[in-house]
Every structure is written in structure tokens, then in C-alpha cells.
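I opened a fresh notebook page for this structure. I wanted to look up a few things and write down what I found.

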Amino acid sequence: MELRVLNYFLAIAREENFTKAAQQLHVTQPTLSRQIADLEEELGVKLFIRSNHNIILTEDGLLLKQRAQEILSLTDKTKRDFLQKEKMLAGTISIGGGEYRSTEYLAKIIAEFRKHYPKVSYEIYSGNTLNIQNYIERGLLDIGLISEPVDMHKYNFITMPNKEEWGIYVPQNTPLAQKQYITPKDLQGMSLLEAMGDFNQSLIGSWLGSYKNQVELIANIDLPYNKAILAKENIGIMLSLNLNCTYDGLTFIPLSPKLEHSTALVWKKEQIFSPTTTAFIDFTKKYLLSITGNNI
């Protein structure tokens, strides 16, 4: 029984689909199917019940999933212990994230980690939650900073300590700029600039409630700076998180009822990471525990 095949098995168990698992593992589906058939023959059991749309683990499959996780975790820990003993962690950690206030915590974590492991470098990718999840699934990112809720079936995660607050940016010479807060009724008949995504299913769409159909969504824009440029020209009202940024000529006003959400650092379950990435995840858990006092 090879560790590589156990990793294949866990990928199939996670994706519940041979095709998706093969894509994630960068192998052909026939190769993956043959490896699993050989594993079933070696163990003398059936590991999956196959249907047209997905697969289900048998009782033997569930047992192997638990044992495979333990075996691979112990193997990874053993490698990590030897590498950390030499104090020579190096390599690159790829991290993706949206534009959040919680990025400040991520930056502090990286800064502290660099004090211990200065040879580690980082690739930072910016995108929205759907982009980041897609890149993680494709194996292009190790870790993502995304909006909650998190799909706990697919990801392990750490909730960041702060809340992200929603509001609007409007030109300082407009009537809305004089308000202390903005209600859904205040936006009735207004043109809005929103982030990329499904507006009807978004937090803003839910917050607007019955007024959702009484606003005009004129543009989906993923970067706040680009939205700010359009907002300054009175093309529309900029819906945005409070990023503690200032844009010349614009005023930030929070929403009422208050609209907040949490963010989380996520990584794929049953993923075999490099010792460097694993050390970074462990360090992040300890760092956030030290500043929050909560178990993670």
C-alpha cells in the first residue's frame, strides 16, 4: 500500500467523484480508477458504491479513510519534525484572498513567521471568494482568506478575529453624505456599484429585503479602487466593506441595520502540504490563539 495511492483515495473520498479527483490530482481518470481497483484487490474489500452522479464510501471505505488520514498525517509530521529540527524551512507558500480588514492579521502572521523562517517566500493572489476557492480546488493556492460561511465538508479553516463591516461610499457633496447611517429605504431608486457575484444571493441583496427590486445594479466591479473612481463621477453608489481606506471626495457611511460578516483562512481537507506550508498553518493557529484566547 503506497502513500501516493492513499492520497488518491482521500481525494476521491473528498470530491465524491472520480473525474473531479483526477483533475485535482493531475492524473487521468483511467489511471486513478486502476489505482483504486488495485487497492481494493490488495485489501480484499470494496471501498466505494458507485452511482451515475457520485460515489459513496462503504463501511470499509470509511475505515480506510480514517486510517489513511492518520497515516498521512503521521508521515507528514515526521518529515516536518526533521526539517524543523534543522531550522531550514524554505520554499514558497501561495495565499489568495479578498480585500478585507482581516488582511492586517494575515500580514502580521507572515511578518512573525518570517522572523523564524526568513528563507520562506510568498505568492499573494487577490480575488473574490469564488475565485479563491476555485484556485484552491485546482491546486494553485495553498491557503485562502475568504468570507464565511465555509464549506466544512471541503475545508479546514480558522476564523479571523475581526468582523468586516459593510457600508457605502458617496460623494461628499450629496445628500446621502450627511447621514450617520444608511437604511435600505435610503437606497430606494438609487444606482448601485456592487462587487462581483450573484447580487440576489449576496449579503447586500438580503439586507435590502423588499427594496432589492427598487434599486438599479449598474455594474459589478471586483476592486474597490475602480468602484471608487466610478462613484466619484456619480455613476452609482459604491457598496463596499470598510477597509479603513480614504478616497478623495468620497465619504463612508455604515449600513443600518448593521451588516457584518466574518472571514476565515481556509485550506483543503486531506491535502498533503509541503512541510513549509504545514508549519505556516500550525504557526497561524498558535498566533491567533495567542491574541484571542480562544481554542481554534
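These are my entries, from the whole chain down to single residues.

**Entry 1: the whole chain**

I noted first that this is a predicted model. I counted 9 helices and 11 strands in the chain. I looked up the extent of the C-alpha trace, and along its principal axes it spans about 75 × 50 × 30 Å. I then checked burial: buried residues make up 44% of the 296 residues. I also looked at contacts with a separation of 6 or more, and 73% of them join residues 24 or more positions apart.

**Entry 2: the nonpolar cores**

I kept a general point in mind here: in soluble globular proteins, nonpolar side chains tend to be buried together. I found that the largest nonpolar core has 43 residues. Which of its residues touch the most other members? They are Phe-113, Ile-168 and Phe-280. Helix H9, residues 275–292, gives the most to this core, with 6 residues. I followed Phe-280 outward, leaving aside its neighbours within four places in sequence. Its contacts include Ile-93, Ile-95, Leu-106 and Phe-113. Tyr-122 and Ile-143 are also among them. I then found a second, separate core of 22 residues. Val-5, Leu-32, Leu-47 and Ile-55 are among its members.

**Entry 3: Val-120**

I picked Val-120, which lies in strand E4, residues 120–126. Is Val-120 buried or exposed? I read a relative accessible area of 2%, so Val-120 is buried. I listed what Val-120 touches, not counting residues up to four places away in sequence. The list holds Leu-89, Ala-90, Gly-91, Ile-93, Phe-113, Arg-114 and Thr-276. I checked one of these pairs by distance: Leu-89 is 31 residues from Val-120 in sequence, and their C-alpha atoms are 6.8 Å apart.

**Entry 4: helix H2**

I moved on to helix H2, residues 18–25. I noted its buried residues as Phe-18, Ala-21, Ala-22, Gln-24 and Leu-25. Seen down the axis of H2, they fall within an arc of 165°, so they line one face of the helix. I looked up what covers them, and the cover includes helices H1, H3 and H6. Strands E1, E2 and E11 are also part of that cover. Then I looked at both ends. At the start of H2, a side-chain oxygen of Asn-17 comes within 2.8 Å of the backbone nitrogen of Thr-19. After H2 comes His-26, and its phi is positive, near 60°.

**Entry 5: helix H6**

I repeated the check on helix H6. Its buried residues are Thr-129, Ile-132, Gln-133, Ile-136 and Glu-137. Down the axis of H6 these residues fall within an arc of 135°, so they too line one face of the helix. Asn-128 caps the N-terminal end of H6, with a side-chain oxygen 3.2 Å from the backbone nitrogen of Leu-130. Just after H6, Gly-139 has a positive phi of about 80°.

**Entry 6: salt bridges**

I turned to charges next. Side chains of opposite charge can pair when their charged atoms come close. How many salt bridges does the structure hold? I found 8. In one, Lys-268 meets Glu-137, with the closest N and O atoms 3.3 Å apart. Lys-268 lies in strand E11 and Glu-137 in helix H6, so the pair ties together parts 131 residues apart in sequence. Lys-268 and Glu-137 are both buried. I traced the links further, and a network of salt bridges joins Arg-14, Glu-15, Glu-137 and Lys-268. I also looked up Glu-40 and Lys-46, whose side chains meet in a salt bridge at 3.7 Å, N to O. Glu-40 is buried, at 8% relative accessible area, whereas Lys-46 is exposed, at 52%. Lys-179 and Asp-186 meet at 3.6 Å, N to O. Lys-179 is partly exposed, at 38%.

**Entry 7: Lys-227**

I ended with Lys-227, in helix H8, residues 224–232. Lys-227 is buried yet has no salt bridge. Which side chain of opposite charge is nearest to Lys-227? It is Glu-194, 4.9 Å away. I looked for another polar partner and found the backbone oxygen of Leu-239, 2.5 Å from a polar atom of the Lys-227 side chain. Setting aside neighbours within four places in sequence, the contacts of Lys-227 include Leu-193, Ala-195, Ile-221 and Met-238.

How values were computed: Residues numbered from 1 in each chain as written. Predicted model: local features only at pLDDT ≥ 70, side-chain atom pairs only at ≥ 80, totals over all residues. Heavy atoms only, no water. Helix = DSSP H or I, 4+ residues; strand = E, 2+ residues; numbered from the N terminus. Buried < 20%, exposed > 50% of the residue type's maximum accessible area, 1.4 Å probe, protein only. Contact = heavy atoms within 4.5 Å. Arc of directions from axis to C-beta. Polar contact = N/O pair within 3.5 Å; in protein donor to acceptor, adjacent residues only side chain to side chain. Lys, Arg positive; Asp, Glu negative; His and termini not counted. Salt bridge = Lys/Arg side-chain N within 4 Å of Asp/Glu carboxyl O. Core = buried A, V, L, I, M, F, W, Y, C linked by side-chain atoms within 4.5 Å.
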